[in-house]
Amino acid sequence: MDLEPEDAFISLSTLEAYIEKHPEDAEKWLDFLPTAFKLAMTPRQTIYARSSRDPPAAELLEPHINIITPNTETPIEHYLDGCLVCKKTWASTDGVPTTTLICGHTYHTVCYMYQYYENDATRCIVNNCDIDTWDYIRTIYRNKRSRKNRAENLLLNSFKRRADFKQDITHLKGYISEFNKAQGRIEGLIKNARRDLIHKHIFSINHLQGDMNTTVKDLQETQEMLNYKLSIQKFRKHAATIFRKYHTSFRELHVNGIIKCSWRARGVLERHRALGFYKLGCRIYPGRKLITDPLANEVDSDSDLAED
Ligand SMILES: [Zn+2]
Ligand SMILES: [Zn+2]
């Protein structure tokens, strides 16, 4: 997707550099980017790169899978003889990458990470080893971060004793408090304006809401709604028998690919979520684009139906 700022005077790289330095202002700059970008900003953002969707290469997987398969030789007991996770000797696993922790104890890299993945545990398992590598990693990380912060604050700290800096900051604080007061006042006005708007249109709003309630009531009484409820009942009756008979669950059948079902249907069938009528709701915001009549032309209403 091409993300080009709407403002020709700001290049994307400038924007990126700025946001990196001042993340607190990021939201403000989003106004300069087209709507497509806002849509792409899903709440589940990750800072790490997505892992590749390619299946693991067999020749890389093979030697490591052998490690976790049962031992054909006598399991080792001492860390000097082999890896304590898979209990295999160093001699029999020659060439398999290893990791040595800060305590000096060595494991197969895959075994160490396998253990971490399985138990969420990263402590060394050698008897009486009381050196927690992660404690050291935490300390190293914190030292590095605080050194970086100290360096960054150096310049600012040097200003702190200067009279003109103090005076400038006093002025800045004055402007901040002035802004806070002005913001408080305009927010009060907006709140009052909303109150007045609702007051002025209360009959129309109540009329709209009343219509919605009638529509919901009418929908509840349609044959389609009866069919909908009946289809759920039929499913639940049969599903309950199957789940008891085969000691299984909806989730298990779904995960194993025995039944296929959309997440929306699962919400109702598996999680017993009731059908909501929130889609009937209608949000009205101020803006240049007024709400359009969905029935005004055929194309629009057709696409609406297609979306549902
Ligand atoms: Zn191992
Ligand atoms: Zn250790």
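**Figure 1. Stretches of low confidence in the predicted model.** Over residues 35-42 of this predicted model, the pLDDT, which is the predictor's confidence in each residue on a scale from 0 to 100, stays under 50. For these residues the model has five contacts beyond four places in sequence, where two residues are in contact if their C-beta atoms, placed from the backbone, lie within 7 Å. Over residues 304-308 the pLDDT is likewise below 50, and this stretch has one contact in the model beyond near neighbours in sequence. The protein as a whole averages a pLDDT of 82, with 79% of the residues scoring at least 70. Residues are numbered from 1 along each chain as its sequence is written, while chains are lettered from A and ligands numbered from 1 in the order in which they are written. Because the model is predicted, local features need a pLDDT of at least 70 and side-chain atom pairs count only at pLDDT 80 or more, whereas totals for chains, interfaces and linings use all residues.

**Figure 2. Helix α7 and its bend.** Helices (DSSP runs of H or I, at least four residues) and strands (runs of E, at least two) are numbered from the N terminus, and the protein has eleven helices and four strands. Confidence is highest in α7, at a mean of 96, and lowest in helix α3 (residues 35-40), at 47. Helix α7 covers residues 163-220 and spans only 73 Å between its end C-alpha atoms, although a straight helix of 58 residues would span 86 Å, the expected span being 1.5 Å times one less than the number of residues. At histidine 201, α7 bends by about 70 degrees, an angle taken between axes fitted to the seven residues ending there and the seven starting there.

**Figure 3. Helix α8 in the open.** Helix α8 (residues 223-246) reaches 34 Å from its first C-alpha to its last, close to the 34 Å expected. None of its 24 residues is buried, so α8 lies largely in the open; a residue is buried if 20 or more other C-beta atoms, placed from the backbone, lie within 10 Å of its own. After α8 comes histidine 247, whose phi is positive, near 50 degrees.

**Figure 4. The largest nonpolar core.** A nonpolar core is a set of buried Ala, Val, Leu, Ile, Met, Phe, Trp, Tyr and Cys residues joined through C-beta atoms within 7 Å. The largest has seven residues, among them Cys83, Leu84 and Tyr107, and helix α5 (residues 109-119) gives the most to this core, with three residues. Leaving aside neighbours within four places in sequence, tyrosine 107 is in contact with residues including Val85, Thr98 and Tyr112.

Notes. A residue is buried if 20 or more other C-beta atoms lie within 10 Å of its own, exposed if 12 or fewer, and partly exposed in between; C-beta atoms are placed from the backbone.
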